[in-house]
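I am opening a notebook on a structure that is new to me. My plan is to look up a few places in turn and to write down what I find at each.

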Amino acid sequence: MSKFTRSADTSHRLSLAAMEEASRVGLRTADIEHLLLALTIDRDRAGRVLRRHGLTLEAARAGVAAQHSAQLAGLGVSVGEPDSGRIVFHETDGYTWSDRAGRIFTAANARGNAGDAVAVLTELLAEPSGLIEAVVQEVGASRAAIEHDLVSSGSAASIDEHAENRPRSSSPLAGTTEGFIPAPTAEVWSLLADPARIPEWEPSIASVAASPEGTTDQLGGSWRARATTTRPDGTELKVAPAFRRVRIGLLAREPERRVVWNLAFPDAPRANSRTIDITLEPEADGTRIRIAFSWDRAGDRPRRHRVLGFVLRPAYRVIIWVQLSQLVSGISRVFR
């Protein structure tokens, strides 16, 4: 993975999680404390180091709240923290980074730095306001110990071992990714293995029928579903009639380890279906998930379609990357 690709992936991943955290307290500007919260649930080495030192998402949230209260008290203000609600980032717009958070990313991508999550965390710990170091101390951790762990566990320029060992598909219509979910494996499994709960984490599905279609056997069964036709803000999504009904099939099920869903369009039999293959692995303070996503072609395509597919290959890969990011974010959001 090139530095540019790694940097772009890191920036997108951390921006999404940080702005979700900002939206949870009614803010539209993500600052350095939201970047820290994003790093506590990051899938790579920076996230594991933070969690190993006690900076889980909940602990870091409490530390941030305590520091904000202390800062206000120092100014003689006794206003409480903003009420924390659910994440609404995916339902709203107008989000941006603060200037000082932007400088962290600039420094992490400067010459000699890798641009990965470790580089971002290294720059964040050294941020001159002292807020992040104070939050670390509030949680009972040590900036020096975290920095030592980041160095001793590998070069900041090294690629995370999970990403390094991740299988790569040659198809432009398939891809894989990993994520860290801040919840026990049993709870994550309960979400992912229940067809009725698919709309909680798959943004293209609005509802799923309560009972299987044509069978009572869960494995190999299928469920009727409806595609999402309205955005979270209530505006209409243009979805062709042939793509409004979805059939969801269960292809594989290994309790608390793996589940595979297939999403097809019964009214468009020549359209590609989607397969979502999710593997779960228990990890300290949460669960690591690996998602293999693919668009599965329905039969042979005419030669002109194959040529067009080759030309559009880079665009397909971007689309798959975005869809994988949405899936990880949707699953994570349920537990945050």
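Before the first entry I note the cut-off I shall need, namely that a residue counts as buried when its relative accessible area is under 20%, as exposed when that area is over 50%, and as partly exposed in between. I also note that the model is a predicted one.

**Entry 1: the chain as a whole.** I looked up the general make-up and found 12 helices and 9 strands in the chain. Of its 336 residues, 44% count as buried. The accessible surface comes to about 16300 Å², and 53% of this belongs to carbon and sulfur atoms. I then turned to contacts between residues at least 6 apart in sequence, and 64% of these join residues at least 24 apart.

**Entry 2: E202.** I asked myself whether E202 is buried or exposed. Its relative accessibility is 5%, and because the limit for buried is under 20%, E202 counts as buried. I located E202 in the loop between α10 (185–192) and β4 (205–208). The side chain of E202 reaches the backbone nitrogen of S204 at 2.7 Å. Setting aside neighbours within four places in sequence, I found E202 in contact with L263, R274, I276 and L327.

**Entry 3: salt bridges around E20.** The structure holds 24 salt bridges, and I followed some of them. R333 forms one with E20, where the closest N and O atoms are 3.3 Å apart. This pair links distant parts of the chain, since R333 is in helix α12 and E20 is in helix α1 (residues 3–24), 313 residues apart. E20 itself is buried, with a relative accessible area of 2%. E20 also forms a salt bridge with R336, and there the closest N and O atoms are 2.8 Å apart. Because E20 lies in helix α1 and R336 in the segment after α12, this pair ties together parts that are 316 residues apart in sequence. Both E20 and R336 are buried. I wrote down the wider network of salt bridges as well, in which E20, E21, E58, R61, R333 and R336 are linked.

**Entry 4: R43 and D44.** I looked up another salt bridge, the one between R43 and D44, whose closest N and O atoms are 3.4 Å apart. R43 is buried, with a relative accessible area of 6%, and D44, at 13% relative accessibility, counts as buried too.

**Entry 5: the nonpolar cores.** Which residues touch the most other members of the largest nonpolar core? Of the 45 residues in this core, they are L35, L39 and I146. Several helices each supply at least two residues to the core, including α1, α2 (32–40), α4 (57–74) and α8 (143–152). Helix α6 gives the most, with 7 residues. I then checked L39, which, not counting residues up to four places away in sequence, touches L14, A46, G47, L50, A117, V120, L121 and L124. Apart from this core lies another, of 33 residues, among them I198, W201, W261 and L280.

**Entry 6: a patch on the surface.** Last, I looked at the outside and found a nonpolar surface patch of about 230 Å², made by V318, W321 and V322. V318 is in helix α12 (residues 313–334), and with a relative accessible area of 46% V318 is partly exposed.

Definitions and conventions
Residues are numbered from 1 along each chain as its sequence is written. This is a predicted model: local features need pLDDT of at least 70, side-chain atom pairs count only at pLDDT 80 or more; totals for chains, interfaces and linings use all residues. Side-chain values use heavy atoms; hydrogens and water are left out. Patches are made of residues with over 30% relative accessible area and no salt bridge: like charges are joined within 9 Å, nonpolar side chains (Val, Leu, Ile, Met, Phe, Trp, Tyr) within 5 Å. Accessible areas come from the Shrake-Rupley method with a 1.4 Å probe; for residues, only the protein chains shown count as cover. A salt bridge is a side-chain nitrogen of Lys or Arg within 4 Å of a carboxyl oxygen of Asp or Glu. Helices (H or I, at least four residues) and strands (E, at least two) are DSSP runs, numbered from the N terminus. Buried means under 20% relative accessible area, exposed over 50%, partly exposed in between (1.4 Å probe, protein chains only). A polar contact is a pair of N or O atoms within 3.5 Å; within protein, one must be able to donate a hydrogen and the other to accept it, and residues adjacent in sequence count only if both atoms are side-chain atoms. Contact means heavy atoms within 4.5 Å. A nonpolar core is a set of buried Ala, Val, Leu, Ile, Met, Phe, Trp, Tyr and Cys residues joined through side-chain atoms within 4.5 Å.
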